[in-house]
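Here's a friendly walk through one protein model, a few spots at a time. Keep the 3D view open and follow along.

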Amino acid sequence: MAAASSVTSPLCTWLVAACMSVTCGGDQSNSCNNNKRRLFGGSSSSKWGRRKRVFLSKCSSELQSQRDLISSLCGSSFQGLMTSCLAFEPCNQYYASNAHFSSLFGSAGNVRVRSNRRHTRFNRAVHSGEAMAVAVQPSREVATKKKPVTKQRRVVVTGMGVVTPLGHDPDVFYNNLLEGVSGVSEIEAFDCAQFPTRIAGEIKSFSTDGWVAPKLSKRMDKFMLYMLTAGKKALADGGITEDVMNELDKARCGVLIGSAMGGMKVFNDAIEALRISYKKMNPFCVPFATTNMGSAMLAMDLGWMGPNYSISTACATSNFCIMNAANHIIRGEADVMLSGGSDAAIIPIGLGGFVACRALSQRNSDPTKASRPWDSNRDGFVMGEGAGVLLLEELEHAKRRGANIYAEFLGGSFTCDAYHMTEPHPDGAGVILCVEKALAQSGVSREDVNYINAHATSTPAGDLKEYQALLQCFGQNPELRVNSTKSMIGHLLGAAGAVEAVAAIQAIRTGWVHPNVNLENPDEGVDKNVLVGPKKERLNIKAALSNSFGFGGHNSSIIFAPYK
């Protein structure tokens, strides 16, 4: 008994054998016989009959002896399992285990099954109802230790950097927003007289001095220059001095800054050069045109060896980057992340492309009035350019170095409309789902969200659909205030979400939300009491939500709150 009990425990733990026996119906007898011949290599002659009887006799006696042994060791309940009818196909490990196959079938070990036809033959045998025995090797027991319960790592914002039509410093930028200053003007970078749209949120003056090496500054596309400058400004704003930088674990510091359009100018210039000769092409035209190269170059400059890549989801790019950067910190893969977005598409091919889409405003005579979210007289969005970068940091890491904490990142979400390339879903299902998932993921109640920086781009369809979706999610909140930063700087494409995240964080810091300019005649059904008026308003923000949506039906929502 001692010997038997010592075998019983592991034997009962593993599935040692499974025998399937399915009776063939009369109308399937020919099919069964044919499958037997194919499986065992026999023919219709009497030799097959004798071989079959000998084989089945040995197989039956062998299986019966194993059943009796298992029953005596494990009890009669296991015998019921052995005789049950289970239809499943042997795994690849079974085919490779010739030793187990021969030991279980006895003389059947002489039967050969060609490797290149194994699956076909056994499939036929299973479906034909042939008796089959399968040996399964018990896997080794792996000792697993339960991870200790730990608190989720919190993510805070400790630095911000911007390059925008309204200034290249977060405070200057937000003060201009609070005063209702517009950054939209006539395009000066190139002659656009032939285009129906000749206005944009163009950056008029910009210098990389002190931020980017002169040699690189001459070669790089502007989207990369904006990104590197905003990224380094975020570090400076976050107090990452040279001494602090030397103490950082660079393997746990990463960069995740995306772009919707990438290096369009560099690539366009290469095409123009190619018209003359390939020898005239910029040798950096390919790497400097890719959307990931900005993050890569910034990491090389800083020596940061942690997570480094870019995400491109059209105009939702920045939010996707911010969420994924925060997740790297939450999962313990990084302690510090630079995240955001950058774009510089105000060039002939960029302007022409959006004109061809019929997406842009043509209010050329009054540029500052062109971007007018939720106003009934809007006629399309206004292109903008720039970059926004957040310095995200794990809370305890930030506290140890005495960082100034601006706000806490609570969470976010992204969904897809799965409806149309450029048009929003008619009932706003994707936006509603995205907002609800963001609330659930961040653990924030609807009542606590009292400020929303909307995506609202000044397009006829998009503004209204987003407003209706927001009202469905937060309509019962009397404190809710909604505005659109795009009314003053235009649409910065892949950089929009990051720049608007800076605006949301600044609203949390200052207790002021910026106005909606040009909202003179709201759409029918739009409640002006929900939208911020033409002047800045005082608001004690509990939680701020920022939306970004992109071509392809990409929806994203992120939530910030005061750090407590």
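## Two helices that cross

Let's start where Ser318, Asn319 and Ile322 of helix 14 meet Ala496, Gly497, Ala498 and Ala501 of helix 20. Meeting here is a matter of contact, which is defined as heavy atoms within 4.5 Å. Helix 14 covers residues 317-330 and helix 20 covers residues 496-510; the two pack at an angle of about 70°, with axes 5 Å apart. That angle makes helix 14 roughly perpendicular to helix 20, a label for angles of 65 to 115 degrees (under 35 is roughly parallel, over 145 roughly antiparallel, and the rest oblique). The axes are lines fitted to C-alpha atoms, for helices over the stretch in contact, and the angles run from 0 to 180 degrees between N-to-C directions.

## What you're looking at

This is a predicted model, where local features need pLDDT of at least 70 and side-chain atom pairs count only at pLDDT 80 or more, while totals for chains, interfaces and linings use all residues. Residues are numbered from 1 along each chain as its sequence is written, and side-chain values use heavy atoms, with hydrogens and water left out.

## The big picture

The protein has 20 helices and 16 strands. These are DSSP runs numbered from the N terminus: helices are H or I with at least four residues, strands are E with at least two. Of the 564 residues, 50% are buried, meaning under 20% relative accessible area (exposed is over 50%, partly exposed is in between; 1.4 Å probe, protein chains only).

About 26600 Å² of the protein is exposed, and carbon and sulfur atoms supply 52% of that area. Among contacts with a separation of 6 or more, 79% link residues 24 or more positions apart.

## A covered strand

How many of the residues in strand 8 are buried? Eight of its eight, across residues 336-343. Val336, Leu338, Gly340 and Ser342 point one way, while Met337, Ser339, Gly341 and Asp343 point the other way.

Strand 8 has partners, too (DSSP must find at least two bridges for strands to pair). Strand 6, residues 253-258, runs parallel to strand 8 and is joined to it by six bridges; one of the pairings matches isoleucine 257 with glycine 340. Strand 9, residues 386-394, runs antiparallel to strand 8, with eight bridges between them, and here serine 342 has alanine 387 as its bridge partner.

## Two buried residues to find

Leucine 351 belongs to helix 15, residues 348-356. It counts as buried because its relative accessible area is 1%. Leaving aside neighbours within four places in sequence, its contacts include Ile187, Phe190, Cys192, Phe195 and Met383. Proline 196 is 155 residues away along the chain, yet its C-alpha atom is 9.9 Å from that of leucine 351.

Lysine 486 lies in helix 19, residues 486-489. Is lysine 486 buried or exposed? Buried, because its relative accessibility is 1%. Beyond neighbours within four places in sequence, lysine 486 is in contact with residues including Ser371, His455, Thr457, Ala496 and Glu500.

## Cysteines without partners

A disulfide is a covalent bond between the sulfur atoms of two cysteines. The structure holds zero disulfides, counted as pairs of cysteine sulfur atoms within 2.5 Å. Why is cysteine 473 without a bond to cysteine 434? The sulfur in cysteine 434 is the closest cysteine sulfur, but at 9.6 Å it is too far for a bond. Cysteine 473 counts as buried because its relative accessibility is 5%, and cysteine 253 is buried as well, at 2%.

Key. Accessible areas come from the Shrake-Rupley method with a 1.4 Å probe; for residues, only the protein chains shown count as cover.
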